[in-house]
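Grab the viewer and work through these exercises with the structure open. Try each task before you read its solution.

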Amino acid sequence: MAETILWVLRGSDRESARWIEYRVETEEGMVVLDALHWIQANLAPDLAVRWNCKAAKCGSCSAEVNGRPRLLCKTRLSDFPEGEAITVEPMRAFPLVRDLVTDVSWNYQVNARIAPFAPPADAPEEAWRWQQEDIERIQEFRRCIECFLCQDVCHVLRNHETENEFAGPRYLVRVAGLEMHPMDQGDRLAYLRTDAGAGYCNITKCCTEVCPEHIRITDNAIIPLKERIADRYYDPIRIAWRKLRGGSEPGEPPAPAS
Amino acid sequence: MAEVEPRSHDVLIIGAGGAGLRAAIAASEAGASVGLVCKSLLGKAHTVMAEGGIAAALAHVAERDSWQVHFRDTMVGGKLLNDPRMAEIHAREAPQRVRELERWGAVFDRTRDGRILQRPFGGHTHPRLAHVGDRTGLEMIRTLQDRAVATGIAVYQECTITHLTTTDGRVSGAIGYWRADGRPAAFQAKAVVLATGGIGRIYEVTSNSWEYSGDGHALAYLAGAELIDMEFVQFHPTGMVWPPGVRGLLVTEAVRGEGGILRNRLGERFMWKYLPDARRHEYAETDDEAMRWVEALTEGRQTDARQPPELSTRDNVSRAIYTEVKEGRGSPHGGVFLDISYLPPDRVRRKLPSMYDQFTELADVDITRVPMEVGPTQHYMMGGVRVQAETGATTRPGLYAAGEVAGGMHGANRLGGNSLSDLLVFGQRAGVAAARAAGALRAMPALSASQVDDALAELEEPLVRGAGDDPYRIHQELKATMQSLVGIYRTENDLDAALASIAELRRRSEGVRVDGPRAFNPGWDLVFELRNMLIVAEAVTLSARMRTESRGAHSRLDHVLSDPAWEHLNVVICPDGLAMRVEGTPAVALTDDQRTLVNKG
């Protein structure tokens with residue numbers, strides 16, 4: 001039976017966490033999560049790792065393998081050169097809980113601030129008919145499994161203390177799915193520009209590269225949202241219109257005089 | 001009770017998959033204050049793994065479909081052991097539950113005239129499954145999650161419940177711990193809904209996720225509630241068989257729904273041989289007719305061609321594959337071949353995107369070019385907590401159950417697609433009923449200090465015990481026992497051996513020891529999951545031993561035929577002091593109208 005060396009960063013806080021070496025008996029087709037389960041069953045029963053489905057559908061087992069954000073259940077040991085050690089460490093953008101588990105609750109707080117789906121209450125049945133081509137764009141966004149790897153890799157969140165200013169790629173994708181839904185009547189552009197901080201994204205596409213669902217986050221979600229913001233807030237004709245009409249948008253009633 | 005301050009809600013829901021979330025929304029809309037506890041992060045429940053679709057007689061693809069036909073298919077698939085009231089409520093209400101999901105933001109695949117598309121599945125007379133490619137469960141859970149959060153319920157993530165409390169004979173709350181730091185957690189409630197899903201982790205080869213350790217089954221049992229139909233464990237015919245690390249991972253039935261053909265090592269399309277005579281007329285007679293059916297499906301038009309033999313019910317296809325392998329006609333890695341590569345690659349990638357990814361990324365197999373290798377994998381628990389059809393009320397006051405943890409709806413075998421619809425229909429009903437029960441109760445029941453103290457002491461024990469057995473080892477042995485002795489085919493000798501083994505493992509489990517801290521300690525998690533799994537394993541084995549016949553998913557090599565004496569009997573499990581009692585109970589009889597519907601086929 002073959003052997004693979006895994007270095008796992010273990011501990012309950014970043015300062016005192018230590019790299020521990022494990023020699024794992026491996027068989028064909030094993031993924032990193034299998035190796036960690038083998039460690040739990042044979043060497044370290046308290047090794048903390050979050051996982052559920054082991055099928056790349058739930059997005060629980062996110063971590064960094066050889067420094068790259070990955071799903072542990074989808075990363076095969078055979079992807080790495082034979083005989084070389086593999087490092088596994090927790091996502092760096094979130095507070096550490098223990099070993100490979102991080103506190104991702106911030107993401108849920110961001111999510112709760114997004115205005116929910118808002119269809120017209122009285123739309124007739126016929127209005128709920130759409131062609132497949134019309135919804136393929138938002139179906140792409142709805143593939144998201146909330147693994148938060150895009151949030152982890154995003155340098156705006158990873159390297160700067162911007163968690164109160166920038167919602168991150170995951171939530172720009174969610175907003176795009178709502179804004180582009182054929183029946184949605186919500187308006188999240190003001191939120192995107194201010195609270196969500198869409199302007200922080202400078203389109204380095206790191207999020208798209210790590211997405212295990214291959215969602216083209218930057219091209220298909222973030223850039224179109226940025227264009228909508230630019231159209232509304234930075235289009236010179238619109239700015240002139242707003243000045244004339246006292247702050248309202250074209251097609252909206254003028255703002256009441258103060 | 002000095003250590004822990006309980007949180008109070010009218011309705012406490014344990015489990016945040018499809019059933020728990022739907023119950024939470026319903027209870028909240030009914031005016032109850034709702035607490036939703038889940039042992040994982042929100043949105044990660046096993047429901048995300050559901051692939052094929054939600055069965056509902058919307059009649060968008062086949063105009064002839066109706067709730068009556070859906071009811072009949074469900075009863076026939078369940079070998080008439082289903083609670084017919086549940087099957088009828090389910091078939092009647094599933095369409096409105098699906099439309100409601102769309103109104104809440106779910107984006108289903110479309111028909112040519114722009115409505116929700118429905119795909120064919122095994123045992124369903126008509127194309128009936130509303131779906132989103134092969135990731136329907138994700139669409140459903142995300143839609144429900146967003147809706148639930150918007151209703152303002154309290155969500156308690158990564159909180160494991162290990163005990164239910166009772167006050168004056170009524171279930172009144174729950175005790176457990178916060179996984180992040182291991183602190184004790186306590187809840188008091190006027191009504192508690194179990195929505196904890198299934199039991200797959202008692203088997204070695206399973207498609208189920210980490211959460212599926214039978215927690216709700218065991219919590220209900222320990223609170224004195226009855227379990228029903230526990231002998232009926234569904235083995236899905238098509239799980240991955242190679243490489244070893246992914247053995248058991250689900251290959252959706254949608255592959256066969258889209259035209260996938262099963263062949264053995266000799267290239268034979270073996271399912272022709274295994275169609276039961278009574279249902280043979282529902283399937284194509286020749287390869288040619290089956291191909292015409294696939295072509296019509298691909299082109300989105302109606303056809304008179306009948307469905308391919310691969311769409312027989314799951315129990316039947318699983319036995320067929322098992323038999324082909326056992327008789328030496330299996331594939332190199334001990335499965336059979338499932339081939340969809342004769343269809344245009346674009347169509348395969350569009351209709352089965354996650355299957356395409358799963359095989360390229362985990363097995364180096366391009367399913368648009370070569371066949372997959374597949375074999376049976378434990379997939380679903382038909383049995384569960386015995387509930388009242390209309391409300392999900394268990395046999396204990398104050399306790400409700402919905403979804404996979406509840407029994408009765410699917411009888412001896414579940415049809416694909418009927419699980420997601422079950423979660424929606426009975427989740428909604430349990431939520432409403434629990435809110436109503438809570439509203440009728442004037443005061444919040446007080447938690448008993450001694451019950452809380454006992455539970456907390458039990459939580460502490462494995463961490464402070466000086467020496468003891470390793471929970472991982474006991475779990476390995478339990479899985480091996482269930483896999484080899486209580487699998488697809490069963491005999492009395494094997495079941496007796498399994499009972500002896502389970503008793504020994506239980507004895508050892510009572511003295512397990514765990515290393516490490518309380519915070520996010522998987523060994524500590526396993527101690528209580530193991531307690532639950534041992535209860536479930538014993539219930540499955542005792543029930544299987546009692547049913548001396550073969551029916552649906554329960555196949556006895558020493559009783560190969562269905563026995564008319566068992567046709568109207570369910571097996572019920574309940575605690576009797578420290579022992580587990582098993583007994584037959586008369587099945588709920590069909591009404592005359594229901595019988596007429598069933599006999600129409």
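**Exercise 1: a helix pair in chain B**

Helix 15 (residues 492–509) of chain B and helix 16 of chain B pack with their axes 10 Å apart and at an angle of about 160°. Work out how the two helices are oriented to each other, and which residues meet.

*Solution.*

Before you start: this is a predicted model, where local features need pLDDT of at least 70, side-chain atom pairs count only at pLDDT 80 or more, and totals for chains, interfaces and linings use all residues. Residues are numbered from 1 along each chain as its sequence is written, while chains are lettered from A and ligands numbered from 1 in the order in which they are written.

Step 1. Start with the angle of about 160°. That makes helix 15 of chain B roughly antiparallel to helix 16 of chain B (angles under 35 degrees count as roughly parallel, over 145 as roughly antiparallel, 65 to 115 as roughly perpendicular and the rest as oblique). Axes here are lines fitted to C-alpha atoms, for helices over the stretch in contact, and angles run from 0 to 180 degrees between N-to-C directions. Helices (H or I, at least four residues) and strands (E, at least two) are DSSP runs, numbered from the N terminus.

Step 2. Now the handedness: helix 15 of chain B makes a left-handed crossing with helix 16 of chain B (left-handed if the near helix is turned anticlockwise from the far one by less than a right angle, right-handed if clockwise).

Step 3. List the contacts (C-beta atoms, placed from the backbone, within 7 Å). Helix 15 of chain B brings residues including B:Leu495, B:Leu499 and B:Ile502, and helix 16 of chain B brings residues including B:Leu530, B:Leu534 and B:Ala537. Sort the residues of this contact by class and you get nine nonpolar, two polar and five charged (Ala, Val, Leu, Ile, Met, Phe, Trp, Tyr, Cys and Pro count as nonpolar, Asp, Glu, Lys and Arg as charged, and the others, Gly among them, as polar).

**Exercise 2: a helix pair in chain A**

Do the same for helix 6 (residues 169–179) and helix 9 (residues 217–234) of chain A.

*Solution.*

Step 1. The axes of these two helices come within 9 Å and cross at roughly 70°. Helix 6 of chain A and helix 9 of chain A are therefore roughly perpendicular.

Step 2. The crossing of helix 6 of chain A and helix 9 of chain A is left-handed.

Step 3. From helix 6 of chain A, the residues that meet helix 9 include A:Leu172, A:Val173 and A:Ala176; on the helix 9 side, look for A:Ile217, A:Ile222 and A:Leu225, among others. By class, this contact has ten nonpolar residues, no polar ones and one charged.

**Exercise 3: two open sheets**

Trace the strand order in the four-stranded sheet of chain B and the five-stranded sheet of chain A, and find the edges.

*Solution.*

Step 1. In chain B the order is 15-10-19-20, with antiparallel pairing (two strands pair if DSSP finds at least two bridges between them). Strand 15 (384–385) and strand 20 (579–586) of chain B each have a single partner strand, so one side of each has no neighbour in the sheet.

Step 2. Check one pairing: strand 10 (residues 227–228) and strand 15 of chain B are joined by two bridges, and B:Leu227 has B:Val385 as its bridge partner. Helix 16 (residues 522–546) of chain B packs on this sheet, touching strands 10, 19 (569–576) and 20, at about 45° to the direction of strand 20 of chain B.

Step 3. In chain A the order is 2-1-5-3-4 and the pairing is mixed. Strand 2 (18–26) and strand 4 (68–71) of chain A are the edge strands.

Step 4. Strand 1 (residues 2–10) and strand 5 (residues 86–89) of chain A run parallel, joined by three bridges; A:Trp7 partners A:Thr87.

**Exercise 4: where the chains meet**

How many residues of each chain are in contact, and which helix of chain A gives the largest share?

*Solution.*

Step 1. The contact takes 44 residues of chain A and 47 residues of chain B.

Step 2. Helix 3 of chain A gives the largest share of chain A's side, four residues.

Step 3. By class, chain A's side has 23 nonpolar, ten polar and eleven charged residues.
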